[in-house]
Amino acid sequence: MTVAIPPDTVSLSDYERHFHATADPAVRAYVSGYAADGITDRANRAAFDRLSLLPRILRDLTGATSRMDLFGETLESPILLAPTAFHKLVHPDGELATVAAAGMTKTLMVASTQSSICLEDIARNAGSPLWFQLYCQPDFDDTLALVRRAEQAGYRAIVLTADAPINGIRNLEQRAGFRMPEHITAANLSGMRGHDFVARKPGSPIFQGILDAAPTWRTLERLCAQTSLPVLVKGVLHPDDARLALEAGARGIVVSNHGGRVLDTVPAAISMLPRIVERVGGNAPVLVDGGIRRGTDVLKAIALGASAVLLGRPVLHALAVGGSVGVAHLLTILQTELEAAMALCGVRRICDIDRSLLLDAGGSE
């Protein structure tokens, strides 16, 4: 299917604008859905805007590059595709279109447990490294089976999402009456036992047993012991949890509030990044997601100690508007903006970016 990218699409916000103008209202509510009143969703973006860059001039930029290394992989930039579910909701080729774009731009993609294409098919079509995002299943044997499939398919790391043992309260999605179309399923979970929970009494179902199979620190320990792949824990906001994750065997941290989609009124991820970087103390890579819309945002995240960033919703916007070419175009826009920001701040390499480039909203370094 050939899709023409609208000619005025020159930024990530343009893709978002075109997505909202053309998407089915219920799908739009699902993709854009936030928890409760969207306070955290807005905070993710506002926190970046409060940070100011302090550029340097007349620096030697010979040989400048945005390439960087992560877990032994050399990447073209510190921009990764975050795990997002059910890409077939916005494009008939689903994750196959997304992974093709990742290959075109040599971008690392994190494939979701809730992909609408099975992880093996994604891997067979990959032209760049893949990580696998893991949701723990009620039966640990099913969880381990997903890990084994990812290992055999050539995925390079496991990203355990730990901040969503239950879904958030997404009123926007509820009001729109969103229901997953019958032809779209979580392809990786076919044949696995789901949550066989039945509420025993009227009222809230939350504390009636639905959390009995939720993962714990012991689950993380077991997982790390069962795979040779590096395990990253995604959904960390508290510095103490970063420490506990590393003690349990994790080899990386993803600072994230799930894009503001799970618990409202929690801090912006970028606001918690420096504290978590400090607690990790250089013992593991620390990544961050949430609210990234410009190359300057990527630069700010790196300056605050992130090893790399992950991009979520904007990828779905571009996939819906322009298919595989749209996603590749979006990634190229973001990398170009990052490199422009690096050049104008006088830094040649990702490892040269530090907090000296930032001025906070109060006017102090």
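Let's start with what surrounds the second largest pocket: its lining has 15 nonpolar residues, nine polar ones and two charged ones. Keep in mind as you look around that this is a predicted model. In total, 26 residues line the pocket, and those nearest its centre are Ala162, Asp163, Ala164, Pro165 and Gly235. Two elements each give two or more residues to this lining, namely α8 (217–226) and β8 (231–236). As for the room inside, the second largest pocket holds about 590 Å³ of space. How does one find such a space? Rolling a probe the size of a water molecule over the atoms shows where empty space is left.

Now follow β8, since we have just met this strand at the pocket. How many of its six residues are buried? Six of the six are, so to speak of β8 as mostly covered fits, with buried here meaning under 20% relative accessible area.

What does β8 pair with? One partner is strand β7, residues 158–161, which runs parallel to β8 and is joined to it over four bridges. To spot this pairing in the model, find Leu160 and look across to Val233 in β8, its bridge partner. Another partner is strand β9, residues 252–255, again in the parallel sense and over four bridges. Here you can look for Leu232, which stands opposite Gly252 in β9.

Finally, trace the chain from β8 to β9 by way of helix α9, residues 239–247: strand, helix and strand together make a right-handed β-α-β unit. So β8 is a handy landmark: this strand helps line the second largest pocket, pairs with β7 and pairs with β9.

Terms used. Residues are numbered from 1 along each chain as its sequence is written. This is a predicted model: local features need pLDDT of at least 70, side-chain atom pairs count only at pLDDT 80 or more; totals for chains, interfaces and linings use all residues. Side-chain values use heavy atoms; hydrogens and water are left out. On a 1 Å grid over the protein atoms alone, a cavity is a set of points where a 1.4 Å probe fits but cannot get out, and a pocket is an open set with protein on both sides within 12 Å along at least five of seven lines; lining residues have an atom within 4 Å of a point. Grid points are joined across faces, edges and corners, and a volume is the space filled by probe spheres set on the points. Ala, Val, Leu, Ile, Met, Phe, Trp, Tyr, Cys and Pro count as nonpolar, Asp, Glu, Lys and Arg as charged, and the others, Gly among them, as polar. Buried means under 20% relative accessible area, exposed over 50%, partly exposed in between (1.4 Å probe, protein chains only). Two strands pair if DSSP finds at least two bridges between them. A crossover is right-handed if, with the strands pointing away from the viewer, the path from the first strand over the helix to the second runs clockwise.
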